[in-house]
Amino acid sequence: MKIACILAGVTAFAAPQILDCERGEGPDYGLWTVDCGLPQEIHFVMWKPHQPEAWDRLFKEFHDAHPDIRVKTEIGPHSATEFHTILTTKLRAKDESIDVFLIDVIWPAEFAKAGYLEPLDDVIPEAERRDFFSAPIEANTVDGKLMAAPFNIDAGSLYYRKDLLDQYGYKPPQTWGELVAQAKKIVEGEKEPGLAGYTGQFDKYEGLVCNMLEFIRGNGGRMTADDGSLALDDPKSAEAIEFVREKLIGDVAPKSVLNQREPQSRGVFLQGESVFHRNWPETWKIVNDAGQSKVAGKVGLAPLPKFEGGRAVATLGGWQLAVAAHSTKKQAAKTFVKYLTSFDTQKKLTLWTSQTHSRKTVMEDSEVLAAFPHFKDLTQVLEAATPRPRLANYHEVSDRLQRELYERISRAPEERGGSGLGWIPPILGIGVLAALVFLVARRR
Ligand code: GLC
């Protein structure tokens, strides 16, 4: 039905604009929207995608289906830590350049408390939430409200050179000890300069916390105590950290892993320069893309190993779609979020990228399972994934964890002087002694 639409906000200096408008049913939640022929522009802030062509296709499809909304995208960095800074700066300033944005699974509590998020209960109604993995729904539910919509879900997995393991008669390692032994044998046997046994993400950023949680919790340790203080000196935690420092880094993993995040560490594996590699599910498609990977078709995927007598732990990761509480275009923003979290969109994106999405029903879809048979086992790993501490001040805790963990995996205790702060007491002691001598001398 055509109706006349008079633009609101017309100033005294401009003649009222009468536009040809189409009235139609709101695409998603039964609301009525008015398309005045002028597309509404919403600003979407996302990280740098690993597979940008898939996102280009998605935006095109969204624009074709919603000519009344234009999505202007701002690409942030890959790193969750740097991305956090960009988002919080914009949100604190109620910046107009942000309507919709991606947030890490560890941030909903913090962002909700800061008042940055528009509740999205109407975007994913209660009854529909059963179709999603429960962990991200829980993470996004703050004080009974859905403060962000789960988008993708991640869990750490072990990628390995199937061709090399077959050649040496190995099955994927069940324990970290086996992984080290296999990596050593293969690296020695291959005599290829530059071939690493293991690569993962050990740079000082959020990815380090994810990688270390897998070792620490897998060894029965913990990262933080209930009050949020660090628990890295707990015997089990310290033992796991020592394993990473002594048995992985500088032995089967090159020291350069201390500077690597997801893209760099994956790059080493794509070049055929690592036997084992820890990364997230989306890596599957990339390592098997002959256009960019020298090991396409030669890769196997397995759950991460465990410690003898322990259990395999994979860190829960993933991203959520949020709408800024200060946005002036909430309806359009919600339409976009609804689109990105719909079954059809998540299925498409899964097939294009191998990224695992938060709608569990997509993982169970026959077409998706035919394309990625390993999803059958991966679903269990995703379901059992271990979350990072759920704290409203997680960002601060993570910052401390990153600094402490990095210090502890890169330098042995004797090099660090015990806790790494061991030089402080002697200096304080010398200072106090000097002050006493000075005071006594003055009295005389
Ligand atoms: C992935 C995960 C995210 C995690 C990040 C660390 O993007 O989905 O949860 O914080 O990696 O690098």
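This passage describes the fold, the two open sheets, the ligand surroundings and selected local features of a predicted model.

The protein contains 18 helices and 14 strands. Of its 444 residues, 40% are buried. Contacts between residues at least 6 apart in sequence join, in 70% of cases, residues at least 24 apart.

One open sheet comprises five strands in the order β5-β4-β6-β14-β9, and its pairing is mixed. Strands β5 (69-75) and β9 (149-155) form the edges, each pairing on one side only. From one strand to the next, the twist averages 20 degrees. Within this sheet, β14 (residues 316-323) pairs with β6 (residues 100-104) in the antiparallel sense, over five bridges. Leucine 102 has leucine 321 of β14 as its bridge partner. The pairing of β14 with β9 is likewise antiparallel and extends over six bridges. Here isoleucine 153 is matched with glycine 318 of β14 as its bridge partner. Although β9 is an edge strand, seven of its seven residues are buried, so β9 is largely enclosed by the rest of the structure.

Helix α11 (residues 330-340) lies across β4 (40-46), β5, β6, β9 and β14. The direction of α11 makes an angle of about 150 degrees with that of β14. Nine of the 11 residues of this helix are buried, and α11 is therefore largely enclosed by the rest of the structure. The buried set consists of Ala332, Ala333, Lys334, Thr335, Phe336, Val337, Lys338, Tyr339 and Leu340. Two lysines, Lys334 and Lys338, thus appear in the buried set of α11.

Another open sheet has four strands, arranged in the order β11-β12-β10-β13 with mixed pairing. Its edge strands are β11 (196-199) and β13 (299-302), each of which pairs on one side only. The twist in this sheet averages 15 degrees from one strand to the next. Helix α9 (residues 262-270) packs on the sheet and touches β10, β11 and β12 (274-279). The directions of α9 and β12 make an angle of about 155 degrees. Strand β10 (residues 157-161) runs antiparallel to β13, and four bridges join the two. In this pair, tyrosine 160 of β10 stands opposite glycine 300 of β13.

The shell around the ligand is formed by Ala80, Asp104, Val105, Asp154, Glu206, Gly207, Cys210, Glu262, Trp280, Gly317, Gly318 and Trp319. By class, these comprise five nonpolar, three polar and four charged residues. At least two shell residues come from each of α7 (206-218) and β14. Glycine 318, a member of the shell, is also the bridge partner of isoleucine 153 in the pairing of β14 with β9. Both domain 1 (39-153 + 318-377) and domain 2 (155-316) contribute to the surroundings of the ligand, with at least three residues drawn from each.

Backbone conformation was examined at two positions in loops. Most residues other than glycine have a negative phi. Lysine 94 is not a glycine, yet has a positive phi of about 50 degrees. This lysine lies in the loop between α2 (80-92) and β6. With 12 other C-beta atoms within 10 Å, lysine 94 is classed as exposed, because the cut-off for that class is 12 or fewer. Aspartate 143 also has a positive phi, near 50 degrees. The loop that holds aspartate 143 connects β7 (141-142) and β8 (145-146). Aspartate 143 has 9 other C-beta atoms within 10 Å and is therefore exposed.

Glutamine 380 belongs to helix α15 (residues 375-383). This glutamine counts as exposed because its C-beta neighbours inside 10 Å number 11. Glutamine 380 and proline 303 are 77 residues apart in sequence, while their C-alpha atoms are 9.9 Å apart in space.

Definitions and conventions
Residues are numbered from 1 along each chain as its sequence is written. This is a predicted model: local features need pLDDT of at least 70, side-chain atom pairs count only at pLDDT 80 or more; totals for chains, interfaces and linings use all residues. Two strands pair if DSSP finds at least two bridges between them. Axes are lines fitted to C-alpha atoms, for helices over the stretch in contact, and angles run from 0 to 180 degrees between N-to-C directions. Two residues are in contact if their C-beta atoms, placed from the backbone, lie within 7 Å. A residue is buried if 20 or more other C-beta atoms lie within 10 Å of its own, exposed if 12 or fewer, and partly exposed in between; C-beta atoms are placed from the backbone. A residue is near a molecule or strand if its C-beta atom, placed from the backbone, lies within 6 Å of it. Ala, Val, Leu, Ile, Met, Phe, Trp, Tyr, Cys and Pro count as nonpolar, Asp, Glu, Lys and Arg as charged, and the others, Gly among them, as polar. Domain bounds come from an automatic or database domain assignment.
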